[in-house]
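Colleague: Could you take a close look at where the ligand sits and walk me through the contacts there?

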Amino acid sequence: MSSIALKRLYGKIAVVTASTDGIGLAIAQRLAQEGAKVIISSRKENNVQEAVKKLCSEGLDVKGLVCHVSKAADRQKLFEEAHKIGGLDILVSNAAVNPEVGDVLDCSENSWDKIFEVNVKSSFLLAKEAVPLLRQSKAGRIIFISSIAGFQPFDLLGAYSVSKTALLGLTKAAALQLAPDDITVNCIAPGVIKTKFSSALTSNEDAELEILSRIPLNRLGKPHDISGAVAFLASDDGAYITGENIVIAGGMASRL
Ligand code: NAP
């Protein structure tokens, strides 16, 4: 069983996308440790199976489905499953891609479209599709995962950074729209977190030293540095917070 003493999410049902590895997996694990039933997903069946096996072996209540967030039929399956097990209280939209490294105006049109399709449009669609179920919850929550790069574009992550800035705006706009339904909408902007996704930034000593020179706390983040804040926002403790973009980046500069 988990060693997390806080059990703020008993009775809640959560969907977390891109949750078989890295930050998404840590979020799914933490929500489940706090008592939620969690539907995890990603594109590859074997990754889903492995993550379900790992979390179930920890005594956590999780179900797994294949979901490529750009595929409407896959997204629909997530919400059908949530409906089947009792509804939906928490949506965490975490998937993102970065198919091309380079400055923003050098990005190919294909890569731009892919980045915006997965990082922004899928988050918009997931939120839109979740709303009917979230309206039936007593305390619906939407949490988008953006990036510190959305505040301060990273060198060579041009288009990706712009897509992450778009999520900050989506958060503000959706929060205003859904406030009358008591559904909160917030966004987490992680700094550099040690995962497969960030491995290019930390793969050699020089690159890692350069990144560390920009992190006042002088260490890379861990997926669990993010998951506690998501659980807080998802819980009753976060009930009066909406439309916020919360940076978790070890003190990295974060001003738009
Ligand atoms: P990661 O460790 O590489 O994990 C990526 C996860 O996403 C895997 O479970 C992968 O599984 C799944 N996935 C990839 N594309 C998908 C898609 N189209 N649909 C559904 N699932 C998909 O990545 P991460 O570092 O945890 O990143 C998670 C989020 O945090 C992203 O939004 C990223 O932009 C953000 N972020 C990360 C950092 C960082 O430094 N790591 C910093 C700021 C923000 P499959 O391969 O099976 O699909």
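Modeller: Here's the ligand site, followed by a few residues picked out for their own surroundings.

Bear in mind that this is a predicted model, with local features needing pLDDT of at least 70 and side-chain atom pairs counting only at pLDDT 80 or more, while totals for chains, interfaces and linings use all residues. Residues are numbered from 1 along each chain as its sequence is written, and side-chain values use heavy atoms, with hydrogens and water left out.

The ligand sits in the largest pocket. By pocket I mean an open set of points on a 1 Å grid over the protein atoms alone, where a 1.4 Å probe fits and protein lies on both sides within 12 Å along at least five of seven lines; "sits in" means more than half of the ligand's atoms lie within 2 Å of its grid points. Two elements, α1 (22-33) and α5, each give two or more residues to the shell around the ligand (helices are DSSP runs of H or I with at least four residues, strands are runs of E with at least two, numbered from the N terminus). There are 28 residues around the ligand, and Ser42, Arg43, Asn94, Tyr160 and Thr195 come nearest (a residue counts if one of its heavy atoms lies within 4 Å).

Now the polar contacts, meaning pairs of N or O atoms within 3.5 Å. The side chain of Thr20 puts an N or O atom 2.8 Å from a ligand oxygen, and a backbone N or O atom of Ile193 is 2.8 Å from an oxygen of the ligand too. Over at Val69, a polar backbone atom lies 3.1 Å from a ligand nitrogen. On its own the ligand has 900 Å² of accessible area, and the protein covers 92% of that (Shrake-Rupley method, 1.4 Å probe).

Next along the chain from Ile193 is Lys194, in the loop between β6 (184-190) and α6 (199-202). Beyond four places in sequence, Lys194 is in contact with Thr202, Glu208, Leu220, Gly221 and Pro223, contact being heavy atoms within 4.5 Å.

Then there's Ser146, in the loop between β5 (141-145) and α5 (158-178). Ser146 is buried because its relative accessibility is 3%, and buried means under 20%. Its side chain reaches the backbone oxygen of Lys164 at 2.9 Å. Past its sequence neighbours within four places, the contacts of Ser146 include Leu167, Leu168 and Cys187.

Conventions:
Buried means under 20% relative accessible area, exposed over 50%, partly exposed in between (1.4 Å probe, protein chains only). A polar contact is a pair of N or O atoms within 3.5 Å; within protein, one must be able to donate a hydrogen and the other to accept it, and residues adjacent in sequence count only if both atoms are side-chain atoms. On a 1 Å grid over the protein atoms alone, a cavity is a set of points where a 1.4 Å probe fits but cannot get out, and a pocket is an open set with protein on both sides within 12 Å along at least five of seven lines; lining residues have an atom within 4 Å of a point.
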